[in-house]
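Biologist: I am new to this structure and would love a guided close look at a single part of it. Could you take me through the salt bridges, with enough background to place them?

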Amino acid sequence: MSANTSVTGDLGSFGTWVTQQHAAGVFSGVVLVARDACQVFQMAVGLADRASGVANTIETRFNIGSINKTFTSVAVAQLVEAGQLDFDAPIGTYLPDYPNRDAARTITIHHLLTHQAGLPPYMSARYMRERDRVDTLDQLVRVFASEPLQFEPGSRQEYSNSGFVLLGHIVGKVSGEPYETYVKIQIYDPARMSQTGFEPGGATGAAKGYLAVGPDGHPAMFRGPTAVVTRADDLRENTALQDHGNPAGGGYSTAGDVLAFSQALRTGKLLGHAMTDHILNGTFSGKQRPKHGYALREQVVGRRRFVGNGGGAPGINTEFRFEPDGDLSMIVLSNFSPPSATKALEHVLETVGSTRLVKPITEKISSVAGVIRDIELT
């Protein structure tokens, strides 16, 4: 690795760390750190398409996994503001024909937003049998809507993709618009997220996800602190594992668009002042950290408080965090399995949590593969 000028500052050392992670085969993707709308660090490493040799760039679109849940929670909050939804109302209020009558009576919007509804996972044996025939959100909801609840709503918390699928379904029913149309008009457009949506195509294309395969032939994915050391020969595309995105996850976006969303949410472009404060500060509960809110999690680093969300699946790992009462934002998008982006986020949180960011300078640094990229450093 060579540089035109010497790299200084903590973010300079972070750039070196990212390059080392890429060289070790544990990270491929992009990292962006911003102060308000000013990008003070940006870096892209690895390949978006290994077969054609297309490199990741800061404009590459990535599958963002469960970050879509945060968009769904904002859509719900908008409809609550408009008086069309109530956080404490049972879902039967909005879905009078919901098949499980007990669920319709006892599950509230709040339960869905906080993973306390007790819905069965839609990734079931039935779903796998019918997967090729599930083309709409209505059809996806029918996969689990008649099944018995796994626990009494509100009695405990268990991560649920089905809950956010159902929230998206409710958004569509209440707003009178398909979920995808609603979030584009009410969230993506106001936030100027022109590269965000459920289709992998687009002007800049999308990175293909790559996963390591273990000795048993199954994806090797670890959610702990140890990253998967990935040799190029061991990588497989995750295309066969992909489904069309839905309100729980699987959409596509860029680091710049996720930054734009963070800025729009923080500055009140998507919600009124009172609801913005509620979503960013008033929904977090639990004694253990990180605390969880409405498709947001809270992390405190030094004197800085960050909120955000992430996603992970074979060949997908994404994270974003921002300061509700500050000016820092960070986005990490990877086309490798967890914890590729999560580990990078933790490293950048440690770096910026104790660093005073100043006016950025721009350096040209050549990657291991000889691809030139722009990196803005302090």
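Modeller: Happily! Of the chain's 378 residues, 53% count as buried. Please keep in mind that this is a predicted model. The chain holds 11 helices and 16 strands. Its accessible surface comes to about 16,500 Å², and carbon and sulfur atoms account for 49% of that. Contacts also reach across the sequence: among those between residues at least 6 apart, 65% join residues at least 24 apart.

Now to the part you asked about. Searching the whole structure turns up 11 salt bridges. Let us visit three of them, beginning with D49 and K208, whose closest N and O atoms are 3.5 Å apart. D49 sits in strand β3 (residues 47–49), while K208 belongs to the loop between α8 (179–191) and β6 (210–213), so this pair ties together parts that are 159 residues apart in sequence. How buried or exposed are the two partners? D49 has 16% relative accessibility and counts as buried, because the cut-off for buried is under 20%. K208, at 31%, counts as partly exposed.

Next, find E323 and R304. They form a salt bridge too, with 3.3 Å between the closest N and O atoms. This pair links distant parts of the chain: E323 lies in the loop between β13 (316–322) and β14 (328–334), and R304 in strand β12 (residues 304–313), with their positions 19 residues apart in sequence. E323 is buried, with a relative accessible area of 7%. R304 has 21% relative accessibility, so it counts as partly exposed, since values under 20% are needed for buried.

There is one more thing to see around the D49 pair. Salt bridges that share partners join D49, K208 and E237 into one network. When you have D49 and K208 on screen, add E237 to view the whole group.

Our last stop is D189 and K184, whose side chains meet in a salt bridge at 3.2 Å, N to O. Here D189 is partly exposed, with a relative accessible area of 40%. K184 is partly exposed as well, at 45%.

To put the tour together: D49 and E323 are buried partners, and each pairs with a residue that is partly exposed, K208 and R304 respectively. In the pair of D189 and K184, by contrast, D189 is partly exposed and so is K184.

Terms used: Residues are numbered from 1 along each chain as its sequence is written. This is a predicted model: local features need pLDDT of at least 70, side-chain atom pairs count only at pLDDT 80 or more; totals for chains, interfaces and linings use all residues. Side-chain values use heavy atoms; hydrogens and water are left out. Helices (H or I, at least four residues) and strands (E, at least two) are DSSP runs, numbered from the N terminus. Buried means under 20% relative accessible area, exposed over 50%, partly exposed in between (1.4 Å probe, protein chains only). Contact means heavy atoms within 4.5 Å. Accessible areas come from the Shrake-Rupley method with a 1.4 Å probe; for residues, only the protein chains shown count as cover. A salt bridge is a side-chain nitrogen of Lys or Arg within 4 Å of a carboxyl oxygen of Asp or Glu.
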